[in-house]
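Work through the exercises below with the sequence and the coordinates at hand. Each task is followed by its solution.

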Amino acid sequence: MAASVEKQAGASETGVECDVVVVGAGFGGLYALHKLREIGLSVRGLEAAPDVGGTWYWNRYPGARCDVPSLFYSYSWSPELRREWRWTNRYAGQEEILNYARFAADRLDLRKLIQFDTKVARATFDEKNERWIVETDRGGRLGARFVVMATGGLSVPNTPDIPGVADFEGAIYHTARWPQEPVSFEGKRIGIIGTGSSGIQAIPMIAQAAKQLVVFQRTPNFSVPARNRPLTDEDHESFDAGLDAYLASLEQSDFGRVPPTAFTADVPPRDAQWKHYEKLWQEGGSGGFLKAFPNILVHPGVNEVAADFVRQKIRETVKDPKTAAALSPEGYPFGVKRLCVDTDYFDTYNRPNVELVNLRDEPIEKISVHAVDTAARHFELDALVFATGFDAVTGALLAVDIRGRDGATLKDAWSEGPQTYLGLTVAGFPNLFTITGPGSPSVIGNVITNCEYHVDWIAECVTHMRRYGLATIEPDEEAQVAWGRHVAEVADRTLFPKANSWYLGVNIPGKPRVFMPYIGEGYRTTCKEIVADNYRGFTFGEAAVREQAAAE
Ligand code: N01
């Protein structure tokens, strides 16, 4: 194994030879650095931002908050970190989550392993030497046996190419690239484009500060109240009391949005559903809704009741019936675009300084020096906020020029959509791991624990390779094709493909329409079975037997 690279961190990356390059210093990358160092590998992290945190570094727009309860949106593997960190709110805000990532990086002494402000431009597999050559935008060049792409599923912002946007002379912001310095909307006329999770969180906050807020909405979204509140001592005590059970449940957890019972469950009576939704609405949060009934995401009739329930809440909240109607999602099922979680979102439209523009009636025609013109109206604005989402799941992987065997590019390999084995590995790209990659639970559920599982899997795999002197691992084409088929079949049995969501990549022009996350249950079980069956579907290269023997 290569000599420790810790001493070299901070200097130019050129010449660094290590066992593993980890790309990205969000929660997945930080844990990968820690875990792989712990099993004795020399590791080096590369991060585009000047700090750790990944998506939580960049998404610092007003109102940014995680919709997974903070006590669970934490590393599960470290009792020490758990003891030393105390969350303040049921749902943590961006700043607190970023501070948690910083705390973890410092506590685990990871910063010295990471080269910040450094983007990976290219990664090329050198077949002769069975090593990756990783090149950065700063001209750096590193060699590594393994590359772990911990680049995140929601890290490449999508900015639609609206005619005239370059002419706009006011400030332009993107929720996913929010400035470090404070942004004041006081006394200003602001336009915001996009009403997904980011827009729905930002809109109430911007509305409180701005003189006028114009919301340009293309598709209304289902949203449920967060009912965020400070955590009490009792909340912490009750979480601690249930911690062992929670950790055990994670161990057995099979992830999956759609349980196996979904297809055989009874259709609950409408009244019972309505009553249950009312209870969930008062409790707040999205988790309860998405598993309110086993068949809520597969049975159109059951799903429609949930959709009706939310539409009814919108009508009760929004005073102007025309605005309420425009805010009401129609024509696609509930919960199959990512369910939004808000604080006072619908009520914000009762404010006199907020106006909803329904782009389905009056599409944006152009942006000019000081204004946005729709087909019907002209809006003079001081600033524009793009809350237009991400090139999700594959965007950050394809942003790097990754070349595997025979110089084949990942871009070409995925030209008709991503293909992976378990969302972790790609045929023809040996020793490349994709944390929360397409074909894994990925962005579904609690992404921190999804990342942890992948890192643990990689650590176990590399340990296995060392034990048996194996140089390379890569999936067989047939295993990969079969896995891809399975991922698609599971999705096709649900209502998920019936909405134009970023899960399918349809928000990015030209991106193949492929359902990217694995939403079935049994993911962990399958991964474990494959390992137990001597890594079924993988091929190992054995050249390292000689390499290791020579080194010893
Ligand atoms: O992005 P989105 P996001 N003209 O893609 C609209 C996570 N997240 O950043 O639906 C006009 O969901 C687009 O309209 P349409 C979470 O996983 C989590 O909000 O394509 N509009 C849509 O309204 C989430 O799902 C949290 O018709 C255009 C919006 O922009 C994911 O990040 C908080 C347009 C984009 O919505 C992404 O959320 C925030 C155009 N040309 C984010 N192009 C929490 O944990 C796009 N839009 C709470």
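Two strands count as paired if DSSP finds at least two bridges between them. The model used here is predicted.

**Exercise 1.** State how β8 and β16 are joined, and name the bridge partner of Ile-193 in β16.

Solution. Strand β8 covers residues 189-193 and strand β16 covers residues 383-386. The two run parallel and are joined by 4 bridges. Ile-193 has Phe-386 as its bridge partner in β16.

**Exercise 2.** Place this pair in its sheet and find the strands at the edges.

Solution. The open sheet has 5 strands, in the order β7-β16-β8-β9-β12, with parallel pairing. β7 (171-174) and β12 (354-358) each have a single partner strand, so one side of each is left without a neighbour in the sheet. Direction ignored, neighbouring strands are turned against each other by 20 degrees on average. Helix α5 (residues 197-209) lies across β8, β9 (212-217), β12 and β16. Its direction is at about 170 degrees to β8.

**Exercise 3.** Classify the packing of α1 against α15 and describe the residues in contact.

Solution. Helix α1 spans residues 27-38 and helix α15 spans residues 447-467; their axes are 9 Å apart, at an angle of about 30 degrees. Angles under 35 degrees count as roughly parallel, so α1 is roughly parallel to α15. The crossing of α1 and α15 is right-handed. On the α1 side the contact includes Phe-27, Tyr-31 and Lys-35, and on the α15 side Glu-452, Val-455 and Asp-456 are among the residues met. By class, the residues of this contact comprise 9 nonpolar, 1 polar and 3 charged.

How values were computed. Residues numbered from 1 in each chain as written. Predicted model: local features only at pLDDT ≥ 70, side-chain atom pairs only at ≥ 80, totals over all residues. Heavy atoms only, no water. Axes fitted to C-alpha atoms, helices over the stretch in contact; angles between N-to-C directions. Parallel < 35°, antiparallel > 145°, perpendicular 65-115°, else oblique. Left-handed = near helix turned anticlockwise from the far one by under 90°. Contact = heavy atoms within 4.5 Å. Nonpolar A, V, L, I, M, F, W, Y, C, P; charged D, E, K, R; others polar.
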